[in-house]
Amino acid sequence: MKGQITHKGKVISVTPECIQVEIISESACASCHASALCGMSEAKKKIVETAYREGFEPGQEVTVAMKQSMGEKAVLIAYIGPLVVFVAVLMVLLGLGVDELICGLAGIGAGALYYFLVWLMRDKLAKSYTFEIK
């Protein structure tokens, strides 16, 4: 499974179009033996859809995998892209001599616009993230 990100999950529904699998996404400290004491751990239930395949039924334990490059692409879209937009707007406006408050607000506005555009493209992006059951 080199080059893949995997999660254990449970099949919650099977339809002719897809299989829905519930996974529990945990932070790194959720597996720590002291996580119950410090309260910093978090685990979230998420539902992912995979293409339909024969032989799966609700309640079955499965492993869901996706390519590691898809995770890297998600980090690029969610974190690095808006940082680049923010810094670029900030530097350009500061270079033009615009007031710092206006530059900061414009940078935040550009970041908000970036995330709005990502939101508009969510259907297209969702199609490029595919999970498969192992």
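Which residues does Thr 63 touch, not counting residues up to four places away in sequence? In this predicted model, Thr 63 touches Thr 6, His 7 and Lys 8, and also Glu 132, Ile 133 and Lys 134.

**Strand β4 and its partners**

Thr 63 lies in strand β4, residues 61–67. Buried means under 20% relative accessible area. Thr 63 has 17% relative accessibility, so Thr 63 counts as buried. Strand β4 is mostly covered, with five of its seven residues buried.

β4 pairs with strand β1 and is joined to strand β5. The table sets out these pairings.

| Partner of β4 | Residues of partner | Sense | Bridges | Opposite residues |
|---|---|---|---|---|
| β1 | residues 4–14 | antiparallel | seven bridges | Lys 8 and Thr 63 |
| β5 | residues 132–133 | antiparallel | two bridges | Val 64 and Ile 133 |

Lys 8, which stands opposite Thr 63, is also one of the residues that Thr 63 touches. Ile 133 is another residue touched by Thr 63, but Ile 133 stands opposite Val 64.

**Helices α2 and α3**

Two packed helices are described by the angle between their axes and the distance between the axes. Helix α2 spans residues 68–95, and helix α3 spans residues 100–120. Their axes come within 8 Å and cross at roughly 150 degrees. Angles over 145 degrees count as roughly antiparallel. α2 and α3 are therefore roughly antiparallel to each other. Their crossing is right-handed.

The residues of this contact divide into 17 nonpolar, four polar and one charged. On the α2 side they include Leu 76, Val 85, Phe 86 and Leu 93. On the α3 side they include Glu 100, Cys 103, Tyr 114 and Val 118.

How values were computed: Residues are numbered from 1 along each chain as its sequence is written. This is a predicted model: local features need pLDDT of at least 70, side-chain atom pairs count only at pLDDT 80 or more; totals for chains, interfaces and linings use all residues. Side-chain values use heavy atoms; hydrogens and water are left out. Helices (H or I, at least four residues) and strands (E, at least two) are DSSP runs, numbered from the N terminus. Buried means under 20% relative accessible area, exposed over 50%, partly exposed in between (1.4 Å probe, protein chains only). Contact means heavy atoms within 4.5 Å. Two strands pair if DSSP finds at least two bridges between them. Axes are lines fitted to C-alpha atoms, for helices over the stretch in contact, and angles run from 0 to 180 degrees between N-to-C directions. Angles under 35 degrees count as roughly parallel, over 145 as roughly antiparallel, 65 to 115 as roughly perpendicular and the rest as oblique. A crossing is left-handed if the near helix is turned anticlockwise from the far one by less than a right angle, and right-handed if clockwise. Ala, Val, Leu, Ile, Met, Phe, Trp, Tyr, Cys and Pro count as nonpolar, Asp, Glu, Lys and Arg as charged, and the others, Gly among them, as polar.
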